[in-house]
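Good morning, and thank you for coming. I would like to take you through one structure, beginning with a single residue and then widening the view.

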Amino acid sequence: MTDAGRQQRGREIVEAYFGDDVPDAWREISQDLAELTESAAFGAIWTRPGLGLRDRALLAVGMTAAIGAQPQLAWHTRGALRAGHTPTEIREAVIQVVGF
C-alpha cells in the first residue's frame with residue numbers, strides 16, 4: 001500500500017473512531033503530526049488483522065489512562081463509546097489500570 005493509501009485508510013478510521021473534528025484539531029497543531037498519526041498509527045497499526053476496532057479502543061483507553069494522558073484519554077473514551085463500549089466497560093478498564 002502506498003503512503004497516500006495508508007494515510008487515507010488511517011483518516012477514515014480516525015474519523016469513524018473520533019469523529020471529524022479530531023483530525024482537524026491535529027492539523028491545527030501540526031500538519032506533519034496529523035499526517036504521521038493518520039498514516040502510521042491508524043493507517044498501519046489500527047488496520048492490522050487480529051484485533052477489531054472495539055478491542056483496540058479499550059486497549060487505547062487503558063494505555064492512555066496508565067500514562068496519564070488526559071487529552072488523549074478524553075479522545076479515546078469518545079472513540080471507545082463510538083466503537084460500541086458502554087460507559088461501564090470504559091470505567092472498569094480505567095479502574096483496572098489505575099488500580100494495578
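**From one residue to the whole chain**

Let us begin with leucine 81, which is found in helix H5. Please bear in mind throughout that this is a predicted model. With a relative accessibility of 41%, leucine 81 counts as partly exposed. Setting aside neighbours within four places in sequence, leucine 81 is in contact with Thr86, Pro87 and Ile90. Alanine 57 lies 24 residues away from leucine 81 in sequence, and the two C-alpha atoms are 8.7 Å apart in space.

Helix H5 also holds histidine 76. Is histidine 76 buried or exposed? Its relative accessibility is 11%, and because buried means under 20%, histidine 76 counts as buried. Which residues is histidine 76 in contact with, leaving aside neighbours within four places in sequence? They are Tyr17, Phe18, Trp46, Ala60, Val61 and Thr64. Two C-alpha distances help to place this residue. Histidine 76 is 15 Å from threonine 88, at a sequence separation of 12 residues. From leucine 33, 43 residues away along the chain, histidine 76 is separated by 18 Å.

Leucine 33 itself is found in helix H3, and its relative accessibility of 42% makes it partly exposed. Aspartate 55, in helix H4, falls into the class of partly exposed residues too, with a relative accessibility of 41%. Between aspartate 55 and phenylalanine 18 there are 15 Å from C-alpha to C-alpha, at a sequence separation of 37 residues.

Let me now step back to the chain as a whole. The protein chain contains 6 helices and 0 strands, so that the order of elements from the N terminus reads α-α-α-α-α-α. Its radius of gyration is 14 Å, close to the 13 Å that the globule rule gives for 100 residues, and the chain is therefore as compact as a globular protein of that length. The C-alpha trace spans about 40 × 30 × 20 Å along its principal axes. Of the 100 residues, 34% count as buried. Among contacts with a separation of 6 or more, 61% are between residues 24 or more positions apart.

I turn next to how the helices meet. Two packed helices are described by the angle between their axes and the distance between the axes. The axes of H1 and H2 come within 7 Å and cross at roughly 120 degrees, which means that H1 is oblique to H2. On the H1 side, the contact is made by Gln7, Arg11, Val14, Glu15 and Phe18; on the H2 side, by Asp21, Val22, Pro23, Asp24, Trp26 and Arg27. By class, this contact of H1 with H2 has 5 nonpolar, 1 polar and 5 charged residues.

What of H2, residues 21–29, and H3, residues 31–45? Their axes come within 5 Å and cross at roughly 135 degrees, and H2 is therefore oblique to H3. From H2, the residues Pro23, Trp26, Arg27 and Ile29 meet Gln31, Leu33, Ala34, Thr37, Glu38 and Phe42 in H3. The contact of H2 with H3 divides into 6 nonpolar, 2 polar and 2 charged residues. Leucine 33, the partly exposed residue discussed earlier, is among the H3 residues listed here.

Finally, the interior. In soluble globular proteins, nonpolar side chains tend to be buried together. In this model, the largest nonpolar core has 17 residues. Which members touch the most others? They are Tyr17, Phe18, Trp26 and Phe42. At least two residues of this core come from each of H1 (3–18), H2, H3, H4 (53–67) and H5 (70–82).

Phenylalanine 42 shows how such a residue is surrounded. Not counting residues up to four places away in sequence, it touches Gly10, Ile13, Val14, Tyr17, Phe18, Trp26, Thr37 and Thr47. Tyr17, Phe18 and Trp26, which appear in that list, are themselves among the core members with the most contacts to other members. Tyr17 and Phe18 are also partners of histidine 76, the buried residue of helix H5 with which we spent some time earlier. Thank you; I would be glad to take questions.

Methods
Residues are numbered from 1 along each chain as its sequence is written. This is a predicted model: local features need pLDDT of at least 70, side-chain atom pairs count only at pLDDT 80 or more; totals for chains, interfaces and linings use all residues. Side-chain values use heavy atoms; hydrogens and water are left out. Axes are lines fitted to C-alpha atoms, for helices over the stretch in contact, and angles run from 0 to 180 degrees between N-to-C directions. Helices (H or I, at least four residues) and strands (E, at least two) are DSSP runs, numbered from the N terminus. Angles under 35 degrees count as roughly parallel, over 145 as roughly antiparallel, 65 to 115 as roughly perpendicular and the rest as oblique. Contact means heavy atoms within 4.5 Å. Ala, Val, Leu, Ile, Met, Phe, Trp, Tyr, Cys and Pro count as nonpolar, Asp, Glu, Lys and Arg as charged, and the others, Gly among them, as polar. A nonpolar core is a set of buried Ala, Val, Leu, Ile, Met, Phe, Trp, Tyr and Cys residues joined through side-chain atoms within 4.5 Å. Buried means under 20% relative accessible area, exposed over 50%, partly exposed in between (1.4 Å probe, protein chains only). The radius of gyration is taken over C-alpha atoms; the globule rule is 2.2 Å times the number of residues to the power 0.38.
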